[in-house]
Amino acid sequence: MTKTDAKTVWAEYMKGVSYKTRLGLYETVSQCEDFYAGDQWKGVNAPDLPKPTLNMLKRVVAYFTAMIVSDDVAIRFSPHAPDPGLEKTCALLSSELDRILESQKAGTKHREALRNAAVDGDACLYLWFDPDKETGQNAKGDVAIDLVENTCVHFGNPYTKDVQTQPYIILSMRRPAEEVRSEAEENGVSPSDAARISPSMESELGEPFGGDGLVTVLLRLWKEGGTVRAQKSVKDLIVREAWDTGLKLYPVAWLCWEASRNSCHGIGAITGLIPNQIAVNKLFAMAIRSVEMNAFPKVVYDATKIDRWTNRVGEAIAVAGSPENTI
């Protein structure tokens, strides 16, 4: 089995980060998330201008999501040829799969994945076996489905979106340092080595790295000997040595909303609509500003006869002298 040291995996991770940075993915995702959430005037320095938001983008995404997943996905197994034994086995498999999809709230996660693809450009689901999950029976363990952000998925070949042809896949996650230290010790790492796991090891990356009590854990997946191998590590330390998952395919589902040539990352449904949203917001802002400036005429009065002016309805205005000669 190929052994990959922690520094090599970290270098591969930084290579993926560099590619996403050159692609402008982090800025694009941040902007799309802000516009989807309704924070559409972020960074605009115009204190006197009203800032209305007519959030069309959220309605667009909600419509797309509702149309695609109006019904939950169901899977049924059936034998190729009539066979009572195989039919019973297929019925058991279908029942077990329904249980997993229900327990993991797969329908909800499918909708969240489509939402991510429409807003950020990509969606990713990672399936794995959690040996510590309580099942209500003597035996523990169950299949788990995790939704992973596209900024946390790093392909060995970022110029293709084909998951199964990747030389490796790295999934990055931010976890509490204490939790990662405990996991490392459970996997046979000495307490002195596990103590090195701290946010300070990533401080040179700047905020939020090193400033939130979390560390970046890298799960590296690759194929070797016909099966998928996995390994967990942090920047300078292996958290869990490589193990054989027994799978023949990467347990990763990847979806691009709209394919982009020569890139694993796609284009979101709202990315090209952001300029339209900005134009609509500006139009409403200028219309409101025009009403504020022109709806009520300016009042000019003689300050020598009227000390104070008021626009309150029905309120008397005191003047010095004849009101006929007062402006």
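This is a short talk on the fold of one protein chain, and the model is a predicted one.

I'll start with the overall dimensions. The chain contains eight helices and eight strands. Its radius of gyration is 30 Å, while the globule rule gives 20 Å for 327 residues, so the chain is more spread out than a compact globule. If you take the principal axes, the C-alpha atoms fill a box of roughly 105 × 60 × 45 Å.

Next, burial and surface. Of the 327 residues, 37% are buried. The accessible surface is about 19400 Å², and carbon and sulfur atoms account for 57% of that. On charge, there are 37 positive and 44 negative side chains. The centres of those two sets are 3 Å apart. As for contacts, take the ones between residues at least 6 apart in sequence: 59% of them join residues at least 24 apart.

Now the strands, beginning with β1, residues 122-130. What does β1 pair with? One partner is β2, residues 142-148, in an antiparallel arrangement with seven bridges. Within that pairing, Leu127 has Ile145 in β2 as its bridge partner. Another partner is β8, residues 252-256, again antiparallel, over five bridges. There, Tyr126 is matched with Val252 in β8. As a general point, side chains in a regular strand alternate between the two faces of the sheet.

The next set of pairings is built around β4, residues 169-176. Strand β3, residues 153-155, runs antiparallel to β4 and is joined to it by three bridges. Val153 sits opposite Leu171 of β4 in that pairing. Strand β4 also runs antiparallel to β5, residues 214-224, and here the bridges number eight. An example from that pairing is Arg174, which stands opposite Thr216 in β5.

Last, one residue from the helical part. Where is Gly24? It is in the loop between α1, which covers 6-23, and α2, which covers 25-37. Is Gly24 buried or exposed? Its relative accessibility is 17%, and the cut-off for buried is under 20%, so Gly24 counts as buried. For a sense of distance, compare Gly24 with Ala106, which is 82 residues away along the chain. Their C-alpha atoms are separated by 31 Å.

To recap: the chain is more spread out than a compact globule, β1 pairs with β8 and with β2, and β4 pairs with β3 and with β5. That's what I have.

How values were computed
Residues numbered from 1 in each chain as written. Predicted model: local features only at pLDDT ≥ 70, side-chain atom pairs only at ≥ 80, totals over all residues. Heavy atoms only, no water. Pairing = 2+ DSSP bridges. Helix = DSSP H or I, 4+ residues; strand = E, 2+ residues; numbered from the N terminus. Rg over C-alpha atoms; globule rule 2.2 N^0.38 Å. Buried < 20%, exposed > 50% of the residue type's maximum accessible area, 1.4 Å probe, protein only. Contact = heavy atoms within 4.5 Å. Areas by Shrake-Rupley, 256 points an atom, 1.4 Å probe, with all protein chains shown as cover. Lys, Arg positive; Asp, Glu negative; His and termini not counted. Charge placed at Lys NZ, Arg CZ, Asp CG, Glu CD.
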